[in-house]
Amino acid sequence: MSTVAPARTWPDAAPPSAAPRPRRLVPAIVLVFAGAVTGVWATVAVRAAGHGFDITDEGFYLLSYRWWDTDHRSFTGVQYLYGPVFALLGHDIAALRMVRLGTIVVVHLVFGVAFLRWLRPRRPHAPATRLWEAAGAATIVAAGGAVYAWLPQVPGYNDVVLLGALLAMAVVFGLARRAEGGARIPAWLPAAFGAITVAVLLAKWAAALMLAVIAAAAVVALAPGGWRAVVRASGWAAAGTVAGAVLMHVLVVPLTVAVPPIAEVNRLLAEHSFAVPVLLHRYATVTRPTIVTAGREYGLLLAAVLAAAVTRRPAPQVAVGLLGVAGLAGAALFTARHGGLGGGPVNSMRFLVPLLGTALVAALAAAAGRVAGPRDGALLGTLFLLPLVFAFGTSNAPLKVAVLAFAAWMAVLVAVVTGLDRRAVVARGLTGAVTAGALLVVACVATGGLWRNPYRDVPRDRATAAVPGVPALAGVRIEPARARAYADLHARLAPYLTPPGRRVIGLDKMAGIVLLLDGRTVGEGWYAPEDPARTRAGIAAECARGPAWPPGRAPILVLNRPVRPADADLIRPCGLDLRDYRLLAPPAQTGGLTVLVPS
């Protein structure tokens, strides 16, 4: 990461300031601060790795990874990426969580380094030290802790799409840096982009929109090399896509086996709960209040940043500075009181506000401060849009998913802080303060989501008990009462569970129970109570060619509620009848679950 001589011209870069370079102490301080933030949430992630277990979403992912090469019906193909890893780890849940931590840190670091290497020539008056680039990259890595704000602790399809997006953008900035310097584009860069698209699309088909946006940015990045560079890179990207698909088909799973069930489940989703009009209406309904709150609570700060970015004369800067101090104070007070700093799903709609406020500060300061020319502005604009297009296709509130990609917004803010005219002292001070505050928010919500308010589970300091006799949970500790209940349930069902792989139907959202019983699901692992047609279709597909189990091994039924008449319709396509089942024990003796075994 060498410093480019200031004499070199970059036609699309922002005009440099004539002020002297800042002291090297500033990058060192930023590096230490960002490293401390990363150290805090990464340490908590390590501590939390062996604690807690969510039987819903986390259970679904783990169940699909456990049987990745035999059970193919799902809305996502993420099991073909993490399933082999989980098998290599000996199905150790804590180890898989550690793998996730490593991928988050490494990918954010790769993206941060690529971004700062692209940014360096555009900041000729930055300190002539590698500390400058290291500080910027460390800031982006620290912002990556937002991934832990509310998701389950094991990796899922959101991880694949997010990390794939950041790697793809790292490729884009690598292409831009080489195209601007007149260097020949190495084939491996666009080929890597193509391979990344295979993994991302396998995990989430709706990510095609996000990939299209990134591909458009790649064309912009290659523009200095002319249309020949664009065509050549496109060819290598296509080759990388084909190579990635062939390797997946040959080494992991035949795509003729993997893709049709994914397509069928997504077709059902698109017809019902994930229909585009339904999603757009849901997005508008849940997004509007967050934007209104951010505008109301951070409006004064946003106005001050906008004014400061265009103000150069000393006297007006004093007035704008006072406005900015008031705005910062108001924003800090609101964030401390109502910003959801405890993290986790319970606070997710609250901590969206300060993180969205940070993104708005970055966007306004970038536009008003003219920190980039048209081409660079297009690349920074892609980074700003990236979290939003990353969130498209989810049933969650889009901003709730978007903040997982907060590192992209932080990269824009790094470009702003380093690119504002040095005479705009107030603007630099305000954006620098917002950057520091945003990293503190990330540290709070990440550690909260990991420890105090984990995803659909008790605080980790209450998850202290091992689960004896349950191999699937050998690597984790959970709440003592649940540990006893799960161990007892496994012991009661032991005669039915040998050999492992007994079919278990867990209604509703009970994939984790199926996992801890060493069982396999029937149809999809995710039984959504709001979409019984999808559940029934999945069960029916499993039995399209007759029962998917040998004689005398009919599925066990486990419900977190009393049996309903409609349940008979769910299992009828497989020739199952509730009258052929008996209650294993009263629910009070099976952890509150209704457990039915073949009679």
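Q: What makes the crossing of α11 and α17 left-handed?
A: The rule is that the near helix is turned anticlockwise from the far one by less than a right angle, while a clockwise turn would make it right-handed. α11 passes α17 in the left-handed way. Bear in mind that this is a predicted model, where local features need pLDDT of at least 70, side-chain atom pairs count only at pLDDT 80 or more, and totals for chains, interfaces and linings use all residues. Residues are numbered from 1 along each chain as its sequence is written, and side-chain values use heavy atoms, with hydrogens and water left out.

Q: Why is α11 called oblique to α17?
A: The axes of α11 (residues 276-310) and α17 (residues 425-452) cross at roughly 140° and come within 8 Å. Angles under 35 degrees count as roughly parallel, over 145 as roughly antiparallel, 65 to 115 as roughly perpendicular and the rest as oblique, so α11 ends up oblique to α17. The axes are lines fitted to C-alpha atoms, for helices over the stretch in contact, with angles running from 0 to 180 degrees between N-to-C directions. The helices themselves are DSSP runs (H or I, at least four residues; strands are E, at least two), numbered from the N terminus.

Q: Which residues make the contact of α11 with α17, and how do they divide by class?
A: Contact means heavy atoms within 4.5 Å. On the α11 side that gives Leu301, Ala304, Val305, Ala308 and Ala309, and on the α17 side Val426, Ala427, Leu430, Thr431 and Val434. With Ala, Val, Leu, Ile, Met, Phe, Trp, Tyr, Cys and Pro taken as nonpolar, Asp, Glu, Lys and Arg as charged, and the others, Gly among them, as polar, these residues come out as 9 nonpolar, 1 polar and no charged.

Q: And what makes α1 and α5 roughly parallel?
A: α1 (residues 25-48) packs against α5 at about 25°, with the axes 8 Å apart. That angle therefore puts α1 and α5 in the roughly parallel class. The crossing of this pair is left-handed. Pro27, Ala28, Leu31 and Trp41 are among the α1 residues that meet α5, whose side includes Leu131, Trp132 and Ala135. By class, this contact has 14 nonpolar, 2 polar and no charged residues.

Q: Leu131 sits in that contact; how do you know whether Leu131 is buried or exposed?
A: Buried means under 20% relative accessible area, exposed over 50%, partly exposed in between (1.4 Å probe, protein chains only). Leu131 has 31%, so partly exposed is the call. Leu131 belongs to helix α5 (residues 130-143). In sequence, Leu131 is 103 residues from Ala28, yet their C-alpha atoms are 6.3 Å apart.

Q: Why does the pair Tyr61 and Tyr65 count as stacked?
A: Phe, Tyr and Trp rings (the six-membered one for Trp) pair if their centres lie within 6.5 Å; planes under 30 degrees apart are stacked, over 60 edge-to-face and the rest tilted. For Tyr61 and Tyr65 the centres are 6.2 Å apart and the planes are at 25°, so stacked it is. Both tyrosines are buried.

Q: What makes Phe406 and Trp409 edge-to-face?
A: Their planes are at 90° and their centres 6.4 Å apart, which earns the edge-to-face label. Both are in α16 (residues 406-419), 3 residues apart, about one helical turn. Phe406 has 0% relative accessible area, so Phe406 is buried, and Trp409 is buried too, at 3%.

Q: What makes His91 and Lys509 worth a look in their backbone angles?
A: Most residues other than glycine have a negative phi, and most peptide bonds are trans. His91 is not a glycine, but has a positive phi of about 55°. Lys509, likewise a non-glycine, has phi near 55°. His91 is in the loop between α3 (79-88) and α4 (93-119), and Lys509 is in the loop between β1 and α19. At 28%, His91 counts as partly exposed, as does Lys509 at 23%.

Q: Where are the cis peptide bonds between Thr498 and Pro499 and between Leu507 and Asp508 found?
A: Thr498 to Pro499 is cis, with omega near 0°, and Pro499 lies in the loop between α18 (480-493) and β1 (504-507). Leu507 and Asp508 are joined by a cis bond with omega about -5°, and Asp508 lies in the loop between β1 and α19 (511-516).
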